[in-house]
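Please open the model in your viewer and keep the sequence panel beside it. The tour below goes from one selection to the next and says what is found at each stop.

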Amino acid sequence: MKKTLSVILALFMALSVLAFAVSAQGTAINGANWMSTLEGSVPITAINMPGTHDSMTQYASASVIARTQTMSVSEQLYSGVRYFDMRTKTKNGKLIGVHGVTECKESYGLFSKTLLLKDVVESCKSFLSENSGETILFLLRSEGESGTALFSRFYDSCIAPSPESWFIENRIPTLSEARGKIVLLRSAEADGERFDNTNSGINFEKYPYISSKKMNDFRFSVISDVSGYPYAYMYVQDSYKLEGKKKTETIKNFLESDLDVNDFNICCTNAAGSKPAQLNAKEINAFLMSYNFTAGKTYGIIAMDFVTKELCEKVYMTNAPLMTKEAAQTNIPSFAEKYGFMGKFLEVFRDLFLKILLVFA
């Protein structure tokens with residue numbers, strides 16, 4: 001009898017866990033709606049978020065070197081990514097997606113069009129219109145272009161047409177304040193004559209890019225208002241020149257640090273060294289998949305190369321103690337692959353080359 005009761009109790013507990021992941025109406029927590037389950041009073045810094053590094057590079061030209069993602073920004077959103085590293089520069093008067101000197105493209109092929117930043121913004125707005133319980137952290141980075149003109153151009157082309165879609169105050173909002181909006185993190189310089197704390201976004205101008213090869217080189221940097229008064233901090237691991245075990249050990253040590261929920265904690269898992277990004281990501285992502293994440297612990301933003309749905313789920317489900325609400329209904333679209341002229345042939349050739357590298361890596 002006791003054995004039967006034990007089995008029944010175990011079954012009940014298992015069903016209780018399942019009920020957490022699937023609401024009474026049968027709506028599962030997934031990549032498109034996971035934020036809708038969170039308590040809205042928490043600051044966005046208290047939420048563990050999957051992120052991506054060089055987020056727009058799915059179809060980057062010279063892709064073996066410059067490509068760091070296999071999914072478009074829209075696909076990443078529906079997979080659960082909420083922090084995006086958006087690198088841009090001006091070309092022919094328009095802002096385009098770039099990775100260093102490499103341009104990002106709309107599709108794969110010799111004659112594919114350059115990816116415009118305003119089109120990426122539209123895809124973010126489209127996602128939020130269908131999933132209003134979510135928010136997006138949009139790190140705007142100027143790639144090789146100094147001065148204030150780039151941010152002014154970005155504001156005029158991407159924010160001014162629909163300012164209601166953005167959270168552009170220079171302060172850290174709660175999730176409730178940010179829901180349904182794109183939160184601007186601005187590392188590009190803003191013109192102080194035109195922009196102030198109400199319209200310049202959260203000030204990420206002092207984001208620390210860590211080029212040293214020292215392990216555990218974690219850095220604090222201030223987030224200040226337009227007068228220069230610091231009101232918050234970011235704490236960053238961005239040692240991108242580390243590879244292999246040194247990089248995974250550094251990531252592990254950062255994740256296991258005593259992180260403050262009031263800081264922007266950012267762990268960049270990308271590596272750029274002697275191997276192509278995809279080979280580094282193979283090892284690092286395998287480490288992340290095997291890592292024992294603890295629900296309720298603060299990890300902050302984990303920005304990844306070649307992100308997957310499975311990695312996203314591991315990260316966002318660490319927010320389980322904050323998931324007090326029913327998951328919102330959502331519709332995840334199917335994404336058709338895009339190819340320009342000769343695109344399919346070039347992709348097959350590229351993937352064959354990478355598979356050969358992976359075999360001998």
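**A buried threonine**

Begin by selecting Thr-269, which has a relative accessible area of 2% and is therefore buried, since that word applies to values under 20%. The model you are looking at is a predicted one. Thr-269 sits in a loop, with strand S11 (264–268) on one side of that loop and helix H8 (277–290) on the other. If you now show the surroundings of Thr-269, leaving out residues up to four places away in sequence, the residues it touches are Lys-247, Ile-251, Ile-284, Leu-288, Ile-302, Ala-303, Met-304 and Asp-305.

**The whole chain**

Next, zoom out to the full chain, in which 10 helices and 12 strands can be coloured separately. Of the 361 residues in the chain, 52% are buried. Among contacts with a separation of 6 or more, 71% join residues that are 24 or more positions apart.

**The nonpolar core**

Which residues have the most contacts inside the largest nonpolar core? Select Phe-138, Phe-154, Trp-166, Phe-204 and Phe-264, which hold that place in a core of 86 residues. Then centre the view on Phe-204, whose contacts, apart from neighbours within four places in sequence, are Leu-139, Leu-185, Arg-186, Ser-187, Ile-223, Met-234, Phe-264 and Ile-266.

**A hairpin**

Move on to strand S9 (residues 219–224) and strand S10 (residues 230–237), which pair in the antiparallel sense over six bridges. To follow one of the pairings, select Phe-220 and then Tyr-235, its bridge partner in S10. Five residues lie between the two strands of this hairpin, and Gly-228 there is worth a click, as a residue with a positive phi near 95 degrees.

**The second largest pocket**

For the last stop, turn to the second largest pocket, which has a volume of about 350 Å³. Its lining is made up of 23 residues, and those to select for the view of its centre are His-53, Arg-87, His-99, Tyr-240 and Asn-270, the closest to that point. Two elements, strand S2 (83–91) and strand S5 (136–142), each give two or more residues to this lining, and S2 gives the most, with three residues. If you colour the lining of this pocket by class, you will find 12 nonpolar, five polar and six charged residues.

Methods: Residues are numbered from 1 along each chain as its sequence is written. This is a predicted model: local features need pLDDT of at least 70, side-chain atom pairs count only at pLDDT 80 or more; totals for chains, interfaces and linings use all residues. Side-chain values use heavy atoms; hydrogens and water are left out. On a 1 Å grid over the protein atoms alone, a cavity is a set of points where a 1.4 Å probe fits but cannot get out, and a pocket is an open set with protein on both sides within 12 Å along at least five of seven lines; lining residues have an atom within 4 Å of a point. Grid points are joined across faces, edges and corners, and a volume is the space filled by probe spheres set on the points. Helices (H or I, at least four residues) and strands (E, at least two) are DSSP runs, numbered from the N terminus. Ala, Val, Leu, Ile, Met, Phe, Trp, Tyr, Cys and Pro count as nonpolar, Asp, Glu, Lys and Arg as charged, and the others, Gly among them, as polar. Two strands pair if DSSP finds at least two bridges between them. Buried means under 20% relative accessible area, exposed over 50%, partly exposed in between (1.4 Å probe, protein chains only). Contact means heavy atoms within 4.5 Å. A nonpolar core is a set of buried Ala, Val, Leu, Ile, Met, Phe, Trp, Tyr and Cys residues joined through side-chain atoms within 4.5 Å.
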